[in-house]
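Hi there,

Here is the structure I promised to pass on to you. My notes on what turned up in it follow below, so have a look at the coordinates and then read on.

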Amino acid sequence: MMRRQQSFRFEDQDSSSMAMRMNRRFSRVESGADLKDYFDRGDIASRENRWNFEVAWEVANKVGGIYTVIRSKAYVSTEEMGEQLCMMGPYKESCARTEMEEMEFPRGNPLLDAVNTLRSRGYKIHTGRWLVDGNPQLILFDIGSAAWKLDQFKSEMWEKCNIGIPHLDIETNDAVILGFMIAEFLEEFRNFAISYSQNNELSPPRIVAHFHEWQAGVGLIVLRTRQVEIATVFTTHATLLGRYLCAGNTDFYNNLDKFAVDEEAGKRQIYHRYCLERGATHLSHIFTTVSEITGYEAEHLLKRKPDIITPNGLNVKKFSAIHEFQNLHAVAKEKINEFVRGHFYGHMDFDLDKTLYFFIAGRYEFGNKGADIFIESLARLNAMLKHERPDTTVVAFLIFPTKTNNFNVDSLRGHAVIKQLRDTINNVQQAVGKRMFDTCLKGHIPGPDELLQKDDLVKIKRCMFAMQRDSMPPVTTHNVADDWNDPVLAAIRRCHLFNSVHDRVKMVFHPEFLTSTNPLFGIDYEEFVRGCHLGVFPSYYEPWGYTPAECTVMGIPSVTTNLSGFGCFMQEHISDPKSYGIYIVDRRYIGLENSVQQLSTFMMEFSRLNRRQRIIQRNRTERLSDLLDWRTLGIYYRQARVKALQAVYPDYVDESAMYGSRSNLIFSRPHSEPPSPTSSRHTTPAPSVHGSDDEDSVDEETELKELGIK
């Protein structure tokens, strides 16, 4: 059932004025142009005796989206802090075996002294380096080694915070154990660092600990209740209660200021977790969220405005040639073409050169991720294409992992049949080539009967007859465990998108994450994204949105919403996002029906673009990657740490602020980027020039010339 969505109702003011007011609500940092100004591998931090600890459940532990945040940020963090940075989390052997290189800290280092002190108490601690870009130092705590003290830890939480932890909540029990282990470590480290500084005539140590999400927040609570003099930063990537409320089909954003938060958390049996999250939020010296929309949510559910917004970034790797990512798109698209040939065998009545690939991917949260309005909009797009562009086909992929029994036999058979046809054609080609060579060698031109013999025709006909099928191509690649109650399949049935010969929109539900070992696709997720034409993510609840961000840095246009952190960020920093391949659906100020119409209109507009226009748009989209680079966005995390240090150490002056640019951090377009199309004649890329539709035929100079820009 589709989510109930209403337009926002604001008393005595219209929605646009409220949106502007909300944008001014939070602190926008003033700092250097970008984080590269501070890349000194920790030289200044070492002179200042400044230490930074980053704590998260996902450090070297791939269990959620925060893993991507921590992992991708590791490079710029080590370039800035060097050996003064250390990351901490739980030791999970299955992940640590491939993620971590174990080694001890050098002798005389206060980190080693603190680790050895905790080991003498019976705790198992693993130290080393994370095998990612930057190779940051790691300290991972074996939770099982301190489980015997769980009752003591819970008792202290109750006595000091009045927070009771249910015995059967294993996840929270683990978070409590990890939090106390980390707090004890940081307390010991501070003591050893003070002694080390005094013995070596250094300035007093200044320590900041940055905690991500409520699981790590227990350590922050313990540090503050024990009054350890360490600066603390707490970042929430999505509020715990917000996720639960949205999953319950609630009119969330219209009722943010009306929820009885304690009662709502209690009804969902997460009151103790909510208390831990809210406690960490209020005890931290600096509180941050990843987007404006999440900050607005935290203000009402956690009762504190964020001090700084810290958007999530990615490690952007630039190509030396501007057309290189276009070539990668063409190569990856051909691999998807192979899958489509196999999946739709016997019904390949559409031209792959006039076929567009749309996709949605993420956690299987049917309403939160916007799969409901995506499927409904595809049904409307199907009707529009039949009427306006019957020669254009859209294949829509839905990548949501869910429980399955096995691969769909019909889908596997299709790939086997296509492979057999390809092998047969290759053998016939070789035989024809050999006959042609031998005949020409004798001095005359071969005739058709001499080249293609009767046996060859029989082999080809057998393969073609094997490709015949009476049923329509399946809408799913696997046998879904609870087929009848599955929300995606139920929506597909309701919209009658059954891959019939008359449908211009074809559906492929792939209920598994993509890997290169997948027998159907044979490509990983990144390569799949590169091969698609449009990513569609019309989320209702999306604190940030890594999926559209990943599309952007790969030069793939995407659809997002003004309820996602990514969509709000792009709306704020680009004057005309649509012309740069960022389509933003309004799911906040208009009703659900209007949002569906807007999404179907966006997809239809994209379907009208010819190949050259899509190439130009991909060039523009790829240029926006500078906005999402950690070298740009990491400056916000730095500023959060500086403010936390100044809150605990009032005499602290940021020495490195004297170096580099001191301009406001404004996300302007790269210098090579053309002006926004809002100021030009056309609101879409320039029309195609006849005979110039090759995939790699457009470079930057040609694009600027076509757009009339010098």
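Of the 710 residues in this protein, 58% count as buried. The model is a predicted one, and it contains 25 helices and 17 strands. If we take the contacts between residues at least 6 apart in sequence, 77% of them join residues at least 24 apart.

A word on confidence before the details. The average pLDDT of the protein is 86, and 87% of the residues score at least 70. Residues 658-697 are another matter: pLDDT stays under 50 there, and the model has 92 contacts beyond four places in sequence for this stretch. The pLDDT is also below 50 over residues 706-710, a stretch with ten contacts in the model beyond near neighbours in sequence. Please keep these two ranges in mind if you set anything up from the coordinates.

Now to the N-terminal part, with two residues whose backbone caught my eye. Most residues other than glycine have a negative phi. Asn49 is not a glycine, yet its phi is positive, about 55°. You will find Asn49 in the loop between α2 (43-47) and β1 (50-55). Is Asn49 buried or exposed? With a relative accessible area of 6%, Asn49 is buried.

Ala60 is the second case, with a positive phi of about 50° although it is not a glycine either. Ala60 sits in the loop between β1 and α3 (65-81), and at a relative accessible area of 1% it is buried. Which residues does Ala60 contact, leaving aside its neighbours within four places in sequence? They are Cys95, Ala96, Glu99, Trp130, Leu138 and Leu140. As for Ala96, it is 36 residues from Ala60 in sequence, while the C-alpha to C-alpha separation in space is 6.3 Å.

Two residues with charged side chains are worth a look in the same part of the chain. Arg50 belongs to strand β1, and its relative accessibility of 6% is under the 20% cut-off, so Arg50 counts as buried. Beyond four places in sequence, Arg50 is in contact with Ile44, Ala45, Met81, Gln84, Arg206, Arg638, Leu645 and Tyr652. Glu79 lies in helix α3 and is buried too, with a relative accessible area of 17%. Not counting residues up to four places away in sequence, Glu79 touches Tyr38, Phe39, Asp40, Arg41 and Gly42.

Next, a pair of helices. The axes of α9 (residues 240-247) and α11 (residues 271-283) are 9 Å apart, and the helices pack at an angle of about 135°. The two are therefore oblique to each other. On the α9 side, Leu240, Leu241 and Tyr244 meet Arg273, Tyr274 and Glu277 of α11.

Helix α18 (residues 487-495) has Val488, Leu489, Ala491, Ile492 and Cys495 as its buried residues. Looking down the axis of α18, these buried residues fall within an arc of 160°, so they line one face of the helix. An α-helix has 3.6 residues a turn, so residues three or four places apart point the same way. What do the buried residues of α18 pack against? Their partners are α14 (371-388), β11 (393-399), β13 (478-480) and β14 (505-510).

Both ends of α18 have something to show. At the N-terminal end, Asp486 acts as a cap, with a side-chain oxygen 3.1 Å from the backbone nitrogen of Val488. After the helix comes His496, whose phi is positive, near 55°.

Last on my list is helix α21 (residues 565-573), which is mostly covered, as seven of its nine residues are buried. Those are Gly565, Phe566, Gly567, Cys568, Phe569, Met570 and His573. The elements that cover the buried residues of α21 include two strands, β16 (558-561) and β17 (582-585), along with the helices α12 (292-301), α20 (546-553) and α24 (630-648).

That is what I have so far. Happy to go through any of it with you.

Best wishes

Definitions and conventions
Residues are numbered from 1 along each chain as its sequence is written. This is a predicted model: local features need pLDDT of at least 70, side-chain atom pairs count only at pLDDT 80 or more; totals for chains, interfaces and linings use all residues. Side-chain values use heavy atoms; hydrogens and water are left out. Buried means under 20% relative accessible area, exposed over 50%, partly exposed in between (1.4 Å probe, protein chains only). Helices (H or I, at least four residues) and strands (E, at least two) are DSSP runs, numbered from the N terminus. The arc is that of the directions from the helix axis to the C-beta atoms. Contact means heavy atoms within 4.5 Å. A polar contact is a pair of N or O atoms within 3.5 Å; within protein, one must be able to donate a hydrogen and the other to accept it, and residues adjacent in sequence count only if both atoms are side-chain atoms. pLDDT is the predictor's confidence in each residue, from 0 to 100. Axes are lines fitted to C-alpha atoms, for helices over the stretch in contact, and angles run from 0 to 180 degrees between N-to-C directions. Angles under 35 degrees count as roughly parallel, over 145 as roughly antiparallel, 65 to 115 as roughly perpendicular and the rest as oblique.
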